Amino acid sequence: MGKISPSILSADFTRLGEEVEAVEQAGADYIHVDVMDGHFVPNITIGPMIVKAVGRITRIPQDVHLMIADPDSFIDVFVKAGADILTVHAEAATHLHRTVHQIKALGARAGVSLNPATPLDVLDYILPDLDMVLLMTVNPGFEGQAFIPEVIPKIQRLKERIDRLGLQTEIEVDGGIGPDTINRVSSAGADVFVAGSAIFYSDDYRKTIQLMRDEM
Ligand code: DX5
Ligand code: ZN
């Protein structure tokens, strides 16, 4: 069954603890943490202190999405803070193989993310080593953007490749996902669904998560 990973980027930060507890109670599978540095993406968000704080109030895995330049310098600090899955962008990592193995050596699950315009080929020699591939369905940087449908054939191609190789790698999609779009990405082969605004801006988190599951 597909997994739901609510992005706390859309949570009310004055009540972050309550918000995390609320999505956990509502049936979230992961907590998605969007880290932005103002270099790789045109926005600055949160860092390892928040990962550490979130880890104190939830037991569900933290799915940490690094949208930062030069991720190698920060792998260690995020895993120590409590990241269970750590995802870096292929576009930001100069030595992707080293970065991925650095994450795994520290005991976390390793993910690689691709922007909408980045071809799947960059994964050719690293895919078997990955626990997750995050295909961006918006250009990273902000919550609440419109889903880019051109990514759908890319999800299908990645799914075929993973199945052909007999891998267990999860395909995660991120950006503009909610009850209205989840069916298209789920049918294409995605396994993990990030949703920020669709969950946190709804009146009833449980109902929204259930609706997303029903639409999968
Ligand atoms: C975008 C982030 C996403 C974003 C999702 O750069 O990586 O995780 O917060 O927000 P929605 O679901 O509102 O598109
Ligand atoms: Zn994200």
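Mentor: A strand here is a DSSP run of E with at least two residues, and strands are numbered from the N terminus. Keep in mind that this is a predicted model.

Trainee: Which element gives the most to the shell around ligand 1?
Mentor: Start with the elements that give two or more residues to that shell: β2 (31-36), β3 (62-67) and β8 (192-195). One of them leads, with three residues. The top contributor is β2.

Trainee: How many residues surround ligand 1?
Mentor: A residue belongs here if one of its heavy atoms lies within 4 Å of the ligand. The closest are Asp34, Gly141, Asp174, Gly196 and Ser197. The full count is 20.

Trainee: By class, how many residues of the shell around ligand 1 are charged?
Mentor: Set aside eight nonpolar residues and nine polar ones. Gly sits with the polar class. The charged residues number three.

Trainee: Which residue has a polar side-chain atom 3.3 Å from an oxygen atom of ligand 1?
Mentor: Take the backbone contacts out of the running. Gly144 places a backbone N or O atom 2.8 Å from a ligand oxygen, and Gly196 also does so at 2.8 Å. The side-chain contact at 3.3 Å comes from His65.

Trainee: How much of the area that ligand 1 exposes when taken alone does the protein bury?
Mentor: Taken alone, ligand 1 exposes 380 Å². The share of that area buried by the protein is 100%.

Trainee: Where does ligand 1 sit?
Mentor: The test asks for more than half of the ligand's atoms within 2 Å of the grid points. Ligand 1 sits in the largest pocket.

Trainee: What volume does the largest pocket have?
Mentor: Its lining takes 24 residues, with Glu143, Gly144, Asp174, Gly175 and Gly176 nearest the centre. The pocket's volume is about 270 Å³.

Trainee: Which helix supplies at least two residues of the lining of the largest pocket?
Mentor: The lining divides into eleven nonpolar, ten polar and three charged residues. Strands β2, β3 and β8 each supply at least two. So does residue run 197-200, which is α7.

Definitions and conventions. Residues are numbered from 1 along each chain as its sequence is written. Chains are lettered from A and ligands numbered from 1 in the order in which they are written. This is a predicted model: local features need pLDDT of at least 70, side-chain atom pairs count only at pLDDT 80 or more; totals for chains, interfaces and linings use all residues. Side-chain values use heavy atoms; hydrogens and water are left out. A polar contact is a pair of N or O atoms within 3.5 Å; within protein, one must be able to donate a hydrogen and the other to accept it, and residues adjacent in sequence count only if both atoms are side-chain atoms. Accessible areas come from the Shrake-Rupley method with a 1.4 Å probe; for residues, only the protein chains shown count as cover. On a 1 Å grid over the protein atoms alone, a cavity is a set of points where a 1.4 Å probe fits but cannot get out, and a pocket is an open set with protein on both sides within 12 Å along at least five of seven lines; lining residues have an atom within 4 Å of a point. Helices (H or I, at least four residues) and strands (E, at least two) are DSSP runs, numbered from the N terminus. Grid points are joined across faces, edges and corners, and a volume is the space filled by probe spheres set on the points.
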